[in-house]
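Good morning, and thank you for making time for this. I would ask you to keep the sequence and the structure in view while I go through the ligand site and a few local features.

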Amino acid sequence: MKIVAGNSNQPLAELIAAYCNLPLTNAIIRRFSDQEVFVEIRENVRGEDMFLIQPTSFPANDNLMELLVTLDALRRASAKRVTAVVPYFGYARQDRKPGPRTPISAKLVANLITSAGADRVLTLDLHAGQIQGFFDIPVDNLISAPVMENDIRERFSNDNIIVVSPDVGGVVRARAIAKRIDADLAIVDKRREQAGVSEVMNIIGDVRDRRCILVDDIIDSAGTVCNAASALQEAGATSVVGYVTHGVLSGGAVARVASSSLEQLVITDSIQATQPVRLAQNIRVLSIATLIAEAMRRISEESSVSSLFN
Ligand code: R5P
């Protein structure tokens, strides 16, 4: 196997390559002066099992285009098989038509990745598991739950914890974590009145005098998690810790987290942390590099990936 790193998360690619005990493939991925993407794979990859690591995080369109152009380069270089390793799959939230005359962008992106030359996809905590079905090639959708479970057990296991989903849509994800750590589950019934603005309505379950572990897949504007944290504290929670896989954290999200009632926000490195994220006092980053690297190794050796979920 060989590993190519796109530009969107070089530190993660380096950690994965180190775990696999492999150097990163010599490749140039840069921009022309008009910002078109140019790729040159500078070593022979003919007949190789290639893994291209490129989450499609901010700037989403540039990183997506870089993924597509690099896939094309690898296919034309006669790689035996190309796996698109997309730890954060952008556009996933547009997975159905919320109204008339709107796109299903997640399906469009799946088509683009396939057409560009991916033979398989390796991703993490897809916003909706059904997005796997948007592809007609194999998709391994890893879960960060084992990594989060270990962290929660290490830090909070004796803390009278309760796992909370910040909205009804996230119940399955939160319940999976609750089951792993043998904790109770509560749900914040959120109603979103306007796109980009979230409003907490109701809490299902008793969180009084409990330490709440708020679980979500994406934190973008941070409205969902911060509003849920306030509502939980109003309902008597002693403290609230957020565990969210993908730290999109756009706009003023880091400042919102810093001034929120969250004791701590824990995210993964599926998206490269920006400087404000690195400096934030109440944000901590857990690495999923080992999980992804181990899945890549198993794909290459054609052994079971699902046993990683146990
Ligand atoms: C929604 O369905 C997702 O699971 C997240 O809850 C949402 O994307 C978070 O967005 P924000 O941080 O902007 O509230």
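**Ligand site and local features**

Just after helix 5, Asp182 takes a positive phi of about 60 degrees. Before going further, I should state that this is a predicted model. As a general background to that first remark, most residues other than glycine have a negative phi, and most peptide bonds are trans.

Let me stay with helix 5 for a moment. The helix spans residues 171-181, and its buried residues are Val171, Ala174, Ile177, Ala178, Arg180 and Ile181. Please note that a charged residue, Arg180, is in that buried set. Ahead of the helix, in the loop that connects strand 8 (161-165) to helix 5, we find Gly169. Is Gly169 buried or exposed? Gly169 is exposed, because its relative accessible area is 72%, and the cut-off for that class is over 50%. The C-alpha atom of Gly169 is 9.6 Å from that of Lys190, with the two positions 21 residues apart along the chain.

I now turn to the ligand. Where does the ligand sit? It occupies the largest pocket. Strand 11 (211-219) and helix 6 (223-234) are the elements that each give two or more residues to the shell around the ligand. The largest share, four residues, is from strand 11.

How many residues surround the ligand? There are 13, and the closest are Asp216, Asp217, Asp220, Ser221 and Thr224. By class, the shell residues divide into six charged, four polar and three nonpolar.

Three distances to oxygen atoms of the ligand deserve mention. In the case of Asp217, an N or O atom of the side chain is 2.6 Å from a ligand oxygen. For Asp220, a backbone N or O atom is 2.8 Å from an oxygen atom of the ligand. For Ala222, again a backbone N or O atom is involved, at 2.9 Å from a ligand oxygen. On its own, the ligand has 380 Å² of accessible area, and the protein covers 87% of it.

Ala222 merits a second look. This residue is in the loop between strand 11 and helix 6. Its phi is near 75 degrees, a positive value in a residue other than glycine. Ala222 is classed as buried because its relative accessible area is 3%, where the cut-off is under 20%. The picture at Ala222 therefore combines a buried position with a positive phi and a backbone atom 2.9 Å from a ligand oxygen.

A positive phi also occurs at Tyr91, where the value is near 70 degrees. Tyr91 belongs to the loop between strand 5 (81-86) and helix 3 (105-116). With a relative accessible area of 29%, Tyr91 is partly exposed.

The next item concerns the peptide bond between Phe58 and Pro59. That bond is cis, with omega at about -10 degrees. Pro59 is in the loop between strand 4 (49-53) and helix 2 (60-76).

I will now consider two serines. Ser239 is in strand 12, which covers residues 239-247. Ser239 is buried, with a relative accessible area of 10%. Which side chains does the side chain of Ser239 contact? One is that of Arg211, through a polar contact of 3.3 Å. Another is that of Glu263, through a polar contact of 3.2 Å.

The second serine, Ser260, is placed in the loop between helix 7 (253-258) and strand 13 (264-268). Its relative accessible area is 18%, so Ser260 counts as buried, given the cut-off of under 20%. What does the side chain of Ser260 reach? It reaches the backbone oxygen of Val257, at 2.7 Å.

My last residue is Thr83, in strand 5. Thr83 is buried, and its relative accessible area is 0%. Between the C-alpha atoms of Thr83 and Asp167 the separation is 33 Å, and the two residues are 84 residues apart along the chain.

To close, I return to the ligand: it sits in the largest pocket, and strand 11 supplies the largest share of the shell around it. Thank you; I would be glad to take questions.

Technical notes:
Residues are numbered from 1 along each chain as its sequence is written. This is a predicted model: local features need pLDDT of at least 70, side-chain atom pairs count only at pLDDT 80 or more; totals for chains, interfaces and linings use all residues. Side-chain values use heavy atoms; hydrogens and water are left out. A residue is near a molecule or strand if one of its heavy atoms lies within 4 Å of it. A polar contact is a pair of N or O atoms within 3.5 Å; within protein, one must be able to donate a hydrogen and the other to accept it, and residues adjacent in sequence count only if both atoms are side-chain atoms. Accessible areas come from the Shrake-Rupley method with a 1.4 Å probe; for residues, only the protein chains shown count as cover. On a 1 Å grid over the protein atoms alone, a cavity is a set of points where a 1.4 Å probe fits but cannot get out, and a pocket is an open set with protein on both sides within 12 Å along at least five of seven lines; lining residues have an atom within 4 Å of a point. A molecule sits in a cavity or pocket if more than half of its atoms lie within 2 Å of its grid points. Buried means under 20% relative accessible area, exposed over 50%, partly exposed in between (1.4 Å probe, protein chains only).
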